[in-house]
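Q: I am new to this structure and would like a close look at one part of it. Please choose a good place to start, and tell me how that place fits in with everything around it.

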Amino acid sequence: MGWAGFQELLEKGKFNIRLLARDSKKNRKKLSTYASDPRVTVIWGDLTRYGDVLRGVEGADYVLHVGGMVSPAADYYPEKTLKVNVTAAENVVRAILAQPDASEIKAVYIGSVAQYGDRNPPRHWGDVNEPQTPAKYDMYALSKIRAEQVFAQSGIKNWVSLRQSGI
């Protein structure tokens, strides 16, 4: 999701993009293409470290928060998924609210259809007004619900959660 969003923004050509990326060989290789692109600044860091997130948010007009743990890692490390995804949301919200123009910043959080729990035939589609009822052991879904609540209760003026479907 993050890569696709980055590519779309880059293609539009009218954005200066600051990208917080986890420092790994894979990410270094993938992002090396953009090292000399003046529209792109890569910040190597971690969403669970507030200082890293703050550097990514400072001076932003828009914040697209798509990072965190997803499957299959979320399935193997459920407790870590809950901690990482909620802490990341808390850090993003805190960094936005720390900006002098916080009320002008637009934030997009990426939720998940997993927040609704299992969808069995004949109703595969959810409705935003339906209760979020994932299984109690589905830490990925629970983490997405809690992280979305962080945004909802934050006081950020301009925010939205997009509950994406399976990719």
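A: Let's begin with charge: the protein has 23 positive and 18 negative side chains, and the centres of these two sets are 4 Å apart. Please keep in mind as you read that this is a predicted model.

Before we zoom in, here is the overall plan. The protein has six helices and five strands, and along the sequence they come in the pattern α-β-α-β-α-β-α-α-β-α-β. With a radius of gyration of 16 Å, close to the 15 Å that the globule rule gives for 167 residues, the protein is as compact as a globular protein of that length. Its C-alpha trace spans about 50 × 35 × 30 Å along the principal axes. Of the 167 residues, 38% count as buried. The accessible surface comes to about 10,400 Å², and carbon and sulfur atoms make up 53% of that surface. Contacts across the sequence matter for our tour too: taking the contacts with a separation of 6 or more, 65% are between residues 24 or more positions apart.

Now for the part I would choose, which is strand β4. This strand covers residues 106-112, and five of its seven residues are buried, so β4 is largely enclosed by the rest of the structure. You can follow its pairing to two other strands. One partner is β3, residues 62-65, which runs parallel to β4 and is joined to it by four bridges. To find this pairing on your screen, look for tyrosine 62, which stands opposite lysine 106 in β4. The other partner is β5, and here the pairing with β4 is again in the parallel sense, over seven bridges. A handy landmark for this pairing is isoleucine 110, which stands opposite leucine 162 in β5.

Let's stay with β5 for a moment. This strand covers residues 158-164, and glutamine 164 is part of it. Is glutamine 164 buried or exposed? The limit for buried is under 20% relative accessible area, and glutamine 164 has 19%, so it counts as buried. Leaving out residues up to four places away in sequence, glutamine 164 touches Ile110, Gly111, Ser112 and Val113, and also Met1. Ile110 is the residue we just met opposite leucine 162, so you can look at the two spots together.

Turning to the other partner, β3 has two faces. Val63 and His65 make up its covered face, while Tyr62 and Leu64 make up the uncovered one. Tyr62 is the landmark that stands opposite lysine 106. Past β3 comes the loop that leads to α4 (73-76), and proline 72 lies in this loop. The peptide bond from serine 71 to proline 72 is cis, with omega near 5°. That is worth a pause, since most peptide bonds are trans.

What about the approach to β4 itself? Serine 103 lies in the loop between α5 (78-97) and β4. With a relative accessible area of 37%, serine 103 is partly exposed. Not counting neighbours within four places in sequence, serine 103 is in contact with Lys157 and Asn158. Asn158 falls within the residue range of β5, 158-164. In contrast to these contacts, glutamate 8 is 95 residues from serine 103 along the chain, and their C-alpha atoms are separated by 25 Å.

Helix α5, on the other side of that loop, holds lysine 83. This lysine has 57% relative accessibility and counts as exposed. The C-alpha atoms of lysine 83 and glutamine 149, 66 residues apart along the chain, are separated by 14 Å.

To bring the picture together, β4 sits in pairings with β3 and with β5, and five of its seven residues are buried. If you trace those pairings in the model, lysine 106 takes you to tyrosine 62, and isoleucine 110 takes you to leucine 162.

Terms used: Residues numbered from 1 in each chain as written. Predicted model: local features only at pLDDT ≥ 70, side-chain atom pairs only at ≥ 80, totals over all residues. Heavy atoms only, no water. Rg over C-alpha atoms; globule rule 2.2 N^0.38 Å. Buried < 20%, exposed > 50% of the residue type's maximum accessible area, 1.4 Å probe, protein only. Contact = heavy atoms within 4.5 Å. Areas by Shrake-Rupley, 256 points an atom, 1.4 Å probe, with all protein chains shown as cover. Lys, Arg positive; Asp, Glu negative; His and termini not counted. Charge placed at Lys NZ, Arg CZ, Asp CG, Glu CD. Pairing = 2+ DSSP bridges.
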